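I opened this notebook to record what I looked up in one structure. The entries follow the order in which I checked things.

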Amino acid sequence: MLGAGRVTCGEFSSSLPVPAFTNILALEPLGTNAILALDLPLVFSMIDRLLGGTGQGAGRLRELTDIELS
């Protein structure tokens with residue numbers, strides 16, 4: 001039985017925006033893993049800001065390249 005605040009993997013994955021940046025993080029002090037999921041426009045804005053831009057991002061979504069998919 002799932003406790004309060006827990007969902008199944010299927011419920012979580014179906015609630016993600018498409019496309020989304022998804023990554024698995026190792027939480028060493030706890031000895032477990034966590035999933036980080038961010039909306040892709042937010043990720044593009046963060047990258048733009050880190051590279052010295054205004055943080056406006058791409059402005060429109062496009063198909064991901066092979067490099068981005070890997």
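Entry on leucine 36. I looked up the accessibility of leucine 36 in this predicted model. Leucine 36 has a relative accessibility of 32%, so I put it down as partly exposed, since that class runs between 20% and 50%. I then placed leucine 36 in strand β2, which covers residues 32–39.

Entry on the patch. Which residues make a nonpolar surface patch with Leu36? I found Phe21 and Leu25 alongside Leu36 there, and the patch comes to about 210 Å². I looked further at leucine 25, which is found in strand β1. Its relative accessible area is 35%, so leucine 25 is also noted as partly exposed. Along the chain, leucine 25 and leucine 36 are eleven residues apart. Their C-alpha atoms are separated by 7.0 Å.

Entry on the whole chain. I stepped back to the layout and counted three helices and two strands. Read along the sequence, the order I wrote down is α-β-β-α-α. How many of the 70 residues count as buried? I noted 6% of them in that class.

Entry on leucine 40. Is leucine 40 buried or exposed? Its relative accessibility is 8%, and the cut-off for buried is under 20%, so I entered leucine 40 as buried. I found leucine 40 in helix α2. I also checked leucine 40 against proline 19, which is 21 residues away in sequence. From C-alpha to C-alpha, I have 6.2 Å for leucine 40 and proline 19.

Entry on the largest pocket. I looked up its volume and wrote down about 160 Å³. Its lining consists of Ala20, Phe21, Leu40, Val43, Phe44, Ile47, Leu64, Glu68 and Leu69. Three elements each give two or more residues to that lining: β1 (20–27), α2 (40–50) and α3 (66–69). Which element gives the largest share of the lining? I noted α2, with four residues. I then sorted the lining by class and got eight nonpolar residues, one charged residue and no polar ones. Two names in this lining were already in my notes: Leu40, which I had entered as buried, and Phe21, which I had listed in the nonpolar surface patch.

Entry on arginine 62. I looked for arginine 62 and found it in the loop between α2 and α3. Its relative accessible area is 40%, so arginine 62 goes down as partly exposed. I checked arginine 62 against proline 19 as well, and the two are 43 residues apart along the chain. The separation of their C-alpha atoms is 10.0 Å.

Terms used:
Residues are numbered from 1 along each chain as its sequence is written. This is a predicted model: local features need pLDDT of at least 70, side-chain atom pairs count only at pLDDT 80 or more; totals for chains, interfaces and linings use all residues. Side-chain values use heavy atoms; hydrogens and water are left out. On a 1 Å grid over the protein atoms alone, a cavity is a set of points where a 1.4 Å probe fits but cannot get out, and a pocket is an open set with protein on both sides within 12 Å along at least five of seven lines; lining residues have an atom within 4 Å of a point. Grid points are joined across faces, edges and corners, and a volume is the space filled by probe spheres set on the points. Ala, Val, Leu, Ile, Met, Phe, Trp, Tyr, Cys and Pro count as nonpolar, Asp, Glu, Lys and Arg as charged, and the others, Gly among them, as polar. Patches are made of residues with over 30% relative accessible area and no salt bridge: like charges are joined within 9 Å, nonpolar side chains (Val, Leu, Ile, Met, Phe, Trp, Tyr) within 5 Å. Accessible areas come from the Shrake-Rupley method with a 1.4 Å probe; for residues, only the protein chains shown count as cover. A salt bridge is a side-chain nitrogen of Lys or Arg within 4 Å of a carboxyl oxygen of Asp or Glu. Buried means under 20% relative accessible area, exposed over 50%, partly exposed in between (1.4 Å probe, protein chains only).
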